[in-house]
Amino acid sequence: MKALVYLGPGKKALQERPKPVITAPTDAIIRITRTTICGTDLHILKGDVPTCEPGRILGHEGVGVIDSAGPGVNAFKQGDRVLISCITSCGKCSYCRRQMYSHCTTGGWILGNKIDGTQAEFVRIPYADTSLYPIPAGADEEALVMLSDILPTGFECGVLNGQVQPGSTVAIVGSGPIGLAALLTAQFYAPGMIIMVDLDDNRLEVAKRFGATACVNSAGGSAVEQIMKLTGGVGVDTAIEAVGVPATFELCAKIIAPGGVIANVGVHGVKVDLHMENLWDRNITITTRLVDTSSTPMLLKSVHSEKIDPKRLITHRFKLGHIIDAYETFGHAADTHALKVIIEA
Ligand SMILES: NC(=O)c1ccc[n+]([C@@H]2O[C@H](COP(=O)([O-])OP(=O)(O)OC[C@H]3O[C@@H](n4cnc5c(N)ncnc54)[C@H](O)[C@@H]3O)[C@@H](O)[C@H]2O)c1
Ligand SMILES: [Zn+2]
Ligand SMILES: [Zn+2]
């Protein structure tokens, strides 16, 4: 089968690889119909994710059809259409029993990281019963690819942890796929104001179309002043950090209103300063989270009932045979205006 293989920092190739086989009774083999590329795949290619070793097939998002299922798989049978979660969950360990699937003692984020992933014609999914979701009849598969990772991430790590409420004031720092997913799902709660922050005017334009009430380009260094002005000098009730660099976390700390919540989503590679001398008396909360995908069943219903349309995040489409071009397009988003690319296997 064809597969996109990580070959060490800066190196990848489309290779012929053997079709995966069932290695545990709870495994299923999925024939991939659609997958995508995540910003995290670019982090891996930069060498930022040491758990991902050369030779690994990348990809942790996708939809497909059950090709075969082990004798311990009860919820799915050959031919069923399924959504693959980026988080593998045994369903039984103490973390899984608390719906903290991201910390599953034998799962978590392993797909396209510690085990071969979805950017291939077939993938082996461990714990199929609890790591796959049935696709409702008539559902749009492309839209559902957005539910493997980015929608639950924006919603759980940003909106739920950030306690977005009706009428409240929200700033989302970072208008990439994750920030935009937080923007779409924040609107479940009808906040009074959603301010989007980015350096890229094109992404802020998209945010405006997706329901942002104000957009701030932070390139000029006046983002704090602009956000304070927009909020009558008070700051925001929820600040969602969706970039993963020190400057954007520190921006969140400067714009948070008394009693507010800073919800960190970004993956941080370097240390970030926490200015307790300014924050100690502000009654604020800071949260961190690795996506659990515990909200996936709810999000499936929301997409099915057309309460949200994650298909709006898709900007480009490629065949698996052209996945190298897909990486080029996705990796140069400022020029190509790419958000999510669909790869058809
Ligand atoms: N916590 C989790 O479980 C989880 C899951 C998936 C992704 N992530 C992380 O979420 C973050 C966002 O993911 P993404 O795919 O949207 O990334 P992305 O790189 O596509 O988007 C980041 C956006 O931030 C903007 N940006 C960069 N520097 C900025 C600055 N100084 N000020 C304002 N904006 C700036 C960029 O222009 C871009 O639009 C990444 O760090 C990713 O690794 C976390
Ligand atoms: Zn991802
Ligand atoms: Zn578990």
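Here is a chat about reading the metal sites, the ligand shell and a few odd backbone spots in a predicted model.

Reader: I'd like to begin with the metals. Which residues coordinate the zinc ion (ligand 3)?

Author: To read a metal site, look for the atoms that sit right against the ion. For the zinc ion (ligand 3), those are the SG atoms of C90, C93, C96 and C104, at 2.3 to 2.4 Å.

Reader: And what arrangement do the four donor atoms around the zinc ion (ligand 3) make?

Author: That one is about angles. The four donors subtend angles of 103 to 118° at this zinc ion, and the arrangement counts as tetrahedral because every angle has to fall between 85 and 135 degrees.

Reader: How are the donor residues of that zinc ion (ligand 3) spaced in sequence?

Author: Try finding them along the chain: the pattern reads C-x2-C-x2-C-x7-C.

Reader: Is C96 buried or exposed?

Author: Here you need a cut-off: buried means under 20% relative accessible area. C96 has 5% relative accessibility, so it counts as buried. C104 is buried too, with a relative accessible area of 5%.

Reader: Now the other metal. Which residues coordinate the zinc ion (ligand 2)?

Author: Around the zinc ion (ligand 2) you'll find C38 through SG, H60 through NE2 and D149 through OD, at 1.7 to 2.2 Å. A word of caution: water is not among the atoms, so a site may look incomplete.

Reader: What spacing do the donors of the zinc ion (ligand 2) follow along the chain?

Author: The spacing is C-x21-H-x88-D. C38 and H60 link distant parts of the chain, 22 residues apart: C38 belongs to the loop between β3 (28-36) and α1, while H60 belongs to the loop between α1 and β4 (62-69). Both C38 and H60 are buried.

Reader: On to ligand 1. Which of the 23 residues around ligand 1 come nearest?

Author: With a bound molecule, list the neighbours, then pick out the polar contacts. Of the 23 residues around ligand 1, the nearest are D198, R203, V243, R289 and V291.

Reader: Which polar side-chain atom lies 2.9 Å from an oxygen atom of ligand 1?

Author: It belongs to R203. Backbone atoms join in as well: a polar backbone atom of V267 is 3.1 Å from an oxygen atom of ligand 1, and a polar backbone atom of R289 is 2.9 Å from a nitrogen atom of ligand 1.

Reader: How much of ligand 1 does the protein bury?

Author: Picture the ligand alone, then put the protein back. Alone, ligand 1 exposes 870 Å², and the protein buries 82% of that. The elements giving two or more residues to the shell are α1 (39-46), α5 (150-160) and α6 (177-186).

Reader: How do the residues of the shell around ligand 1 divide into nonpolar, polar and charged?

Author: Count 10 nonpolar, nine polar and four charged residues there.

Reader: What about the backbone? Which sign does phi have in most residues other than glycine?

Author: Most residues other than glycine have a negative phi. T293 goes the other way: it is not a glycine, yet its phi is positive, about 60°. You'll find T293 in the loop between β13 (285-287) and α11 (296-304). T293 is buried, because its relative accessibility is 2%.

Reader: Which side chain reaches the backbone nitrogen of T293?

Author: The side chain of E156 does, at 3.0 Å. The side chain of E156 also reaches the backbone nitrogen of S294, at 2.9 Å. E156 sits in helix α5 and counts as buried at 0% relative accessibility.

Reader: Where does H337 lie?

Author: H337 is in the loop between α13 (333-336) and β15 (340-344). Its phi is also positive, near 60°, and H337 is not a glycine. With a relative accessible area of 40%, H337 is partly exposed.

Reader: Last one: how many Å apart in space are T106 and T287?

Author: Compare steps along the chain with the distance between C-alpha atoms. T106 and T287 are 181 residues apart in sequence and 24 Å apart in space. T106 lies in the loop between α2 (94-97) and β6 (122-125) and is partly exposed, at 46% relative accessibility. For another pair, take L83 and L199: 116 residues apart in sequence, 33 Å apart in space, C-alpha to C-alpha. L83 is in strand β5 and is buried, with a relative accessible area of 0%.

Conventions: Residues numbered from 1 in each chain as written. Chains lettered and ligands numbered in written order. Predicted model: local features only at pLDDT ≥ 70, side-chain atom pairs only at ≥ 80, totals over all residues. Heavy atoms only, no water. Near = heavy atom within 4 Å. Polar contact = N/O pair within 3.5 Å; in protein donor to acceptor, adjacent residues only side chain to side chain. Areas by Shrake-Rupley, 256 points an atom, 1.4 Å probe, with all protein chains shown as cover. Helix = DSSP H or I, 4+ residues; strand = E, 2+ residues; numbered from the N terminus. Nonpolar A, V, L, I, M, F, W, Y, C, P; charged D, E, K, R; others polar. Donors = N, O, S within 2.8 Å, 3.2 Å for Na, K, Ca; no water. Tetrahedral: all angles 85-135°; square planar, octahedral: opposite > 155°, others 65-115°. Buried < 20%, exposed > 50% of the residue type's maximum accessible area, 1.4 Å probe, protein only.
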